[in-house]
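Colleague: Please pick one aromatic pair, look at it closely, and then work back from there to the helices. Keep it plain enough for a first-year student.

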Amino acid sequence: MLSTILFYILATVMVLGGFVTITRRHPLPAALSMVVSFMALSGLYALLTAQLIAILQILVYAGAIIALIVFVIMLLNVRDEDLNYQEEFIPQLGLAIAGLLPVVGLVMAAIGKLPKDAFPALKDPAYGSIELVGLFLYQNYIFIFEMVAILLTVAMVGVVLLAKRRI
C-alpha cells in the first residue's frame, strides 16, 4: 500500500517537473525543474528495487548532465530580452496533450494485456543489484566499456578545447 502511494506521488512529481521543464521560457528554471523530474524518476527506480539504476540516475543525469546544461546556459548568457515572451503556448500544449492521449491509452492497454509472469527475472531479489550488474559488465563487456570510457574522455577534452577557443 505504501509503495503504491509513493509511486503515485513520485509519478506526479515527475510529470509536473517535466511539464514545468517544457513550459519555462528561461532555460535555467527549466533545467532546475528537470532536476526535480530526474530525482522523482530515481525514486521510481528505487521502488522497482533497481538500486543501481536509481543511483546512476542521480549521479549521471541529475548531477553530471544537469551541471553540463547549467554550464552551457551560463556560457550562452541568455538575457530576458533575448527571450520571446509574446508567444502563446496554450494552444500548442492542448494539441500536444490531445496527441499524447491515444498513445497513453495504447500503452495502458498493452500493459494490461501482459501476463502476470511476463518478467520472470524480476522475481529474483538480486536482479538489478549493483554486484550482479558490475560482474556482468566486467566479465562480458570489459573491452567495450573501456572503449566507451576512452571515447568519452576524448570528447570531453575536445569540448573543453573548443569552448576555451571561444572564451
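**An aromatic pair, then the helices**

Modeller: Y141 has a relative accessible area of 38%, so this residue is partly exposed. The model is a predicted one. The ring of Y141 is paired with that of F136, and the two ring centres lie 5.7 Å apart. Their planes stand at 65° to each other; an angle over 60 degrees counts as edge-to-face, so that is the label for this pair. F136 has a relative accessible area of 47%, and it too is partly exposed because the value falls between 20% and 50%. Across the whole structure, a search finds 4 aromatic pairs.

Now to the helices. Helix α1 covers residues 2–23, and helix α2 covers residues 27–47. The axes of α1 and α2 are 8 Å apart, and the helices pack at an angle of about 155°. An angle over 145 degrees counts as roughly antiparallel, and α1 and α2 are therefore described that way. Their crossing is left-handed. Many side chains take part in this contact: on the α1 side they include L6, F7, L10 and M14, and on the α2 side they include M34, V36, L41 and L44.

One residue of α2 deserves a separate look, namely S33. Is S33 buried or exposed? Its relative accessibility is 8%, which is under 20%, so S33 counts as buried. Leaving aside residues up to four places away in sequence, S33 touches G17, V20 and T21. G17, V20 and T21 are also listed among the α1 residues that meet α2. In addition, a polar atom of the S33 side chain lies 2.9 Å from the backbone oxygen of A30.

Helix α2 also packs against α3, which spans residues 51–76, at an angle of about 175° with the axes 9 Å apart. That makes α2 and α3 roughly antiparallel. Here the α2 residues in contact include L28, V35, F38 and Y45, while those of α3 include I53, I58, Y61 and I69. M34 and L41 of α2 appear in the contact with α3 and also in the contact with α1.

Between α2 and α3 is a loop, and T49 sits in it. Most residues other than glycine have a negative phi. T49 is not a glycine, yet its phi is positive, at about 55°. With a relative accessibility of 46%, T49 counts as partly exposed.

Note on methods: Residues are numbered from 1 along each chain as its sequence is written. This is a predicted model: local features need pLDDT of at least 70, side-chain atom pairs count only at pLDDT 80 or more; totals for chains, interfaces and linings use all residues. Side-chain values use heavy atoms; hydrogens and water are left out. Helices (H or I, at least four residues) and strands (E, at least two) are DSSP runs, numbered from the N terminus. Buried means under 20% relative accessible area, exposed over 50%, partly exposed in between (1.4 Å probe, protein chains only). A polar contact is a pair of N or O atoms within 3.5 Å; within protein, one must be able to donate a hydrogen and the other to accept it, and residues adjacent in sequence count only if both atoms are side-chain atoms. Contact means heavy atoms within 4.5 Å. Rings of Phe, Tyr and Trp (its six-membered ring) pair if their centres lie within 6.5 Å; planes under 30 degrees apart count as stacked, over 60 as edge-to-face and the rest as tilted. Axes are lines fitted to C-alpha atoms, for helices over the stretch in contact, and angles run from 0 to 180 degrees between N-to-C directions. Angles under 35 degrees count as roughly parallel, over 145 as roughly antiparallel, 65 to 115 as roughly perpendicular and the rest as oblique. A crossing is left-handed if the near helix is turned anticlockwise from the far one by less than a right angle, and right-handed if clockwise.
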